[in-house]
Amino acid sequence: MEMNHLPERMCVGCRQKGNKSEFIRIINKSGEIAVDSNGKSSGRGAYIHKNPLCLKTAIKKKSLDRALKGSVPNTLYVLLESQIRVEASSALPTGSSLDNSQINE
Ligand SMILES: [Zn+2]
């Protein structure tokens, strides 16, 4: 199962891979960089862990700018920071959005 060619999700901060649920996706939609909150937007995307340290690293190294091939506005970093803070404080394993994917067979 290591040999697929699916695009890997890699954190722009720590450069580690992980599951979709661990990341916040940021997209560049024809020059407009935004947080992809519903995960449905297409376009060039980058991922970052819901971890303030990863965000810090990404800002320092400008790795988001590079990954998205654009200039990430400061407002986006502020938005990410607050979003990460929310995620970190509510990081409970009980997902309430998984109702329709629970199949008991
Ligand atoms: Zn990371």
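**Exercise 1. Trace the chain in this predicted model and work out which pattern of helices and strands it follows along the sequence.**

Solution. Reading along the sequence, you meet the elements in the pattern β-β-β-α-α-α. Tally them up and the secondary structure comes to 3 helices and 3 strands. Now turn to packing: of the 105 residues in the chain, 19% are buried. Finally, take the contacts between residues at least 6 apart in sequence: 58% of these join residues at least 24 apart.

**Exercise 2. Find out which elements have the highest and the lowest mean pLDDT, and where the pLDDT is below 50.**

Solution. Start with the whole chain, where the mean pLDDT is 84 and 79% of the residues reach 70 or more. Next, go element by element. Helix 1 (residues 52-61) has the highest mean, 97, while helix 3 (residues 74-89) has the lowest among the elements, 91. Then look at residues 95-103, where the pLDDT is below 50. Beyond near neighbours in sequence, that stretch has 0 contacts in the model.

**Exercise 3. Take F23 and decide: is this residue buried or exposed, and why?**

Solution. First place the residue: F23 belongs to strand 1, which covers residues 23-29. Then count its surroundings. There are 22 other C-beta atoms within 10 Å, and the cut-off for a buried residue is 20 or more. F23 is therefore buried. To see some of those surroundings, set aside the neighbours within four places in sequence; F23 is then in contact with R9, C11, G18, Y47, I48 and H49. As a last step, measure from F23 to I84 on your screen: 61 residues separate them in sequence, yet the C-alpha to C-alpha distance is 9.6 Å. Keep I84 in mind for the next exercise.

**Exercise 4. Describe how helix 1 and helix 3 are placed relative to each other: what is the angle between their axes, and which residues make the contact?**

Solution. Begin with the axes, which come within 10 Å and cross at roughly 165 degrees. Angles over 145 degrees count as roughly antiparallel, so helix 1 and helix 3 are roughly antiparallel to each other. The crossing of the two helices is right-handed. Now list the residues in the contact: helix 1 supplies P52, L55 and I59, and helix 3 supplies Y77, L80, E81 and I84. Sorted by class, they come to 6 nonpolar, no polar and 1 charged. I84, then, is one of the helix 3 residues at this contact, and its C-alpha is also the one 9.6 Å from that of F23.

How values were computed: Residues are numbered from 1 along each chain as its sequence is written. This is a predicted model: local features need pLDDT of at least 70, side-chain atom pairs count only at pLDDT 80 or more; totals for chains, interfaces and linings use all residues. Helices (H or I, at least four residues) and strands (E, at least two) are DSSP runs, numbered from the N terminus. A residue is buried if 20 or more other C-beta atoms lie within 10 Å of its own, exposed if 12 or fewer, and partly exposed in between; C-beta atoms are placed from the backbone. Two residues are in contact if their C-beta atoms, placed from the backbone, lie within 7 Å. pLDDT is the predictor's confidence in each residue, from 0 to 100. Axes are lines fitted to C-alpha atoms, for helices over the stretch in contact, and angles run from 0 to 180 degrees between N-to-C directions. Angles under 35 degrees count as roughly parallel, over 145 as roughly antiparallel, 65 to 115 as roughly perpendicular and the rest as oblique. A crossing is left-handed if the near helix is turned anticlockwise from the far one by less than a right angle, and right-handed if clockwise. Ala, Val, Leu, Ile, Met, Phe, Trp, Tyr, Cys and Pro count as nonpolar, Asp, Glu, Lys and Arg as charged, and the others, Gly among them, as polar.
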